[in-house]
2 protein chains.
Amino acid sequence: MSKRGILMIISGPSGVGKSTIADAVLSRNNGFSHVPTATTRNPRPGEKHGVDYFFLSQEEFESKIQANEFFEHIEYAGNRYGSLVSAVDASLDAGNDVLLVIDVRGAISIKKLRPDAVTVFVLPPRFSDLKARLGGRGTDDEDTVSRRVEIAKTELNYRDRYDYQVINDVVERAADDVEKIRDAERLRSFRNEFSMEE
Amino acid sequence: MSKRGILMIISGPSGVGKSTIADAVLSRNNGFSHVPTATTRNPRPGEKHGVDYFFLSQEEFESKIQANEFFEHIEYAGNRYGSLVSAVDASLDAGNDVLLVIDVRGAISIKKLRPDAVTVFVLPPRFSDLKARLGGRGTDDEDTVSRRVEIAKTELNYRDRYDYQVINDVVERAADDVEKIRDAERLRSFRNEFSMEE
């Protein structure tokens, strides 16, 4: 497999289940390779550098931001997370397909940087399903929930800027869709080179 | 199935096996529907108008050309053949996917007319395989064969103007590729409409 792999970005509103779908795709033996994320959080017992995550100090992470070494980076619960361009490219060059879970705006900026990346937006079966999920277990106050719903609406408005849309009705079925998209994308003319020599 | 179907055009050089692949796809129960071609040739025993072909007189065929009612039309062995826009659209509107086998230039003009059509170029595994097939059983003179090879080369030069490229190594495997492309195309953002209402 010397042909360069396909970079797929999976995105969608909070609560739609994009990470669950990505985990389902990556758990299959199907040509997709897991590229660890860089993070400043501490390793949990058993986690290995370069396998589960690239564990970086705040300073290392900051200097990589300055050097433009991330596709994107976010802060979550006081820790930073980012996808390293070098790690992704090494995996693509080895012929693996790479699936990144990225938030809605991050995915659109990666697509600008890498027009050959394939962007997939995950949708709920119905908007009401997402609203129900964002409501959680009823322990959050109304304001918090309605703020989440407003953010989800804004995020959903980006859906048509993605190449594909996958509905998360059943996780394994949605994972099948992601695989089908990858299979078809491998057949795109611009990813293929036919030799007239032989 | 009220959603409009997908128009797929399968094309490629003479002798590459595009019709065989299309027949394999259409023989499966997979959402593709066979839309009969219009022709001026006489029905063979058992052939039914509107099922196998639309049998037209020379005058009827000619008037439909004038009225721009064909996607494309060709003459072969003294008979005319053409794909009727109305028949294709009726099938698409009923939610069927439609697969048309069209020659290389014809496919490119249909894509201009219908940018949402999906164009697939069929390639031989190697150029030498196609040359061998065009040589036939060795009963044709060298000039005839080398003329065919030159035409095939010219046709192959259009391959990058197609959306996808499928290699005809094994017919059923190539037919699988065509189905995968259709499955992924169904997930394209521009073919989907998510409602924020519910």
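**Helix pairs, domains and loops**

Colleague: Which residues of helix 7 of chain A meet A:Thr20, A:Ile21, A:Ala24 and A:Val25 in helix 1 of chain A?
Modeller: Helices are DSSP runs of H or I with at least four residues, strands are E runs of at least two, and both are numbered from the N terminus. Contact means that the C-beta atoms of two residues, placed from the backbone, lie within 7 Å. By that test, helix 7 of chain A offers A:Val171, A:Glu172, A:Ala174, A:Ala175, A:Val178 and A:Glu179.

Colleague: How many nonpolar residues does the contact of helix 1 of chain A with helix 7 of chain A have?
Modeller: Ala, Val, Leu, Ile, Met, Phe, Trp, Tyr, Cys and Pro count as nonpolar, Asp, Glu, Lys and Arg as charged, and the others, Gly among them, as polar. This contact has one polar and two charged residues, and its nonpolar residues number seven.

Colleague: What kind of model is this?
Modeller: Residues are numbered from 1 along each chain as its sequence is written, while chains are lettered from A and ligands numbered from 1 in the order in which they are written. Local features need pLDDT of at least 70, side-chain atom pairs count only at pLDDT 80 or more, and totals for chains, interfaces and linings use all residues; the model is predicted.

Colleague: What is the orientation of helix 1 of chain A to helix 7 of chain A?
Modeller: Axes are lines fitted to C-alpha atoms, for helices over the stretch in contact, with angles from 0 to 180 degrees between N-to-C directions. Under 35 degrees counts as roughly parallel, over 145 as roughly antiparallel, 65 to 115 as roughly perpendicular and the rest as oblique. Helix 1 (residues 18-26) and helix 7 (residues 171-185) of chain A pack at about 65 degrees, with axes 9 Å apart. That makes helix 1 of chain A, relative to helix 7 of chain A, roughly perpendicular.

Colleague: What is the handedness of the crossing of helix 1 of chain B and helix 7 of chain B?
Modeller: In chain B, the axes of helix 1 and helix 7 come within 9 Å and cross at roughly 65 degrees. That makes helix 1 of chain B roughly perpendicular to helix 7 of chain B. A crossing is left-handed if the near helix is turned anticlockwise from the far one by less than a right angle, and right-handed if clockwise. The crossing of helix 1 of chain B and helix 7 of chain B is right-handed.

Colleague: Are helix 5 and helix 6 of chain A parallel or oblique to each other?
Modeller: Helix 5 (residues 127-134) and helix 6 (residues 142-156) of chain A have axes that come within 9 Å and cross at roughly 140 degrees. Helix 5 of chain A and helix 6 of chain A are therefore oblique.

Colleague: Which residues of helix 6 of chain A does helix 5 of chain A meet?
Modeller: Helix 5 of chain A passes helix 6 of chain A in a right-handed crossing. Helix 5 of chain A brings A:Leu130, A:Lys131 and A:Leu134. In helix 6 of chain A they meet A:Val145, A:Arg148, A:Val149 and A:Ala152.

Colleague: Which helix of chain B gives the most to the side that touches chain A?
Modeller: Chain B puts 26 residues in contact with 26 residues of chain A. Elements giving two or more residues to that side include strand 8 (118-123) and helix 6 (142-156) of chain B. The biggest giver, with five residues, is helix 7 of chain B.

Colleague: How far apart are the C-alpha centres of domain 1 and domain 2 of chain A?
Modeller: Domain bounds come from an automatic or database domain assignment. For chain A it gives domain 1 (1-31 + 96-191) and domain 2 (35-95). Their C-alpha centres lie apart by 20 Å.

Colleague: Is A:Asn68 buried or exposed?
Modeller: A:Asn68 lies in the loop between helix 2 (58-66) and strand 5 (70-76) of chain A. Its phi is near 65 degrees, a positive value in a residue other than glycine. A residue is buried if 20 or more other C-beta atoms, placed from the backbone, lie within 10 Å of its own, exposed if 12 or fewer, and partly exposed in between. With 8 C-beta neighbours inside 10 Å, A:Asn68 counts as exposed.
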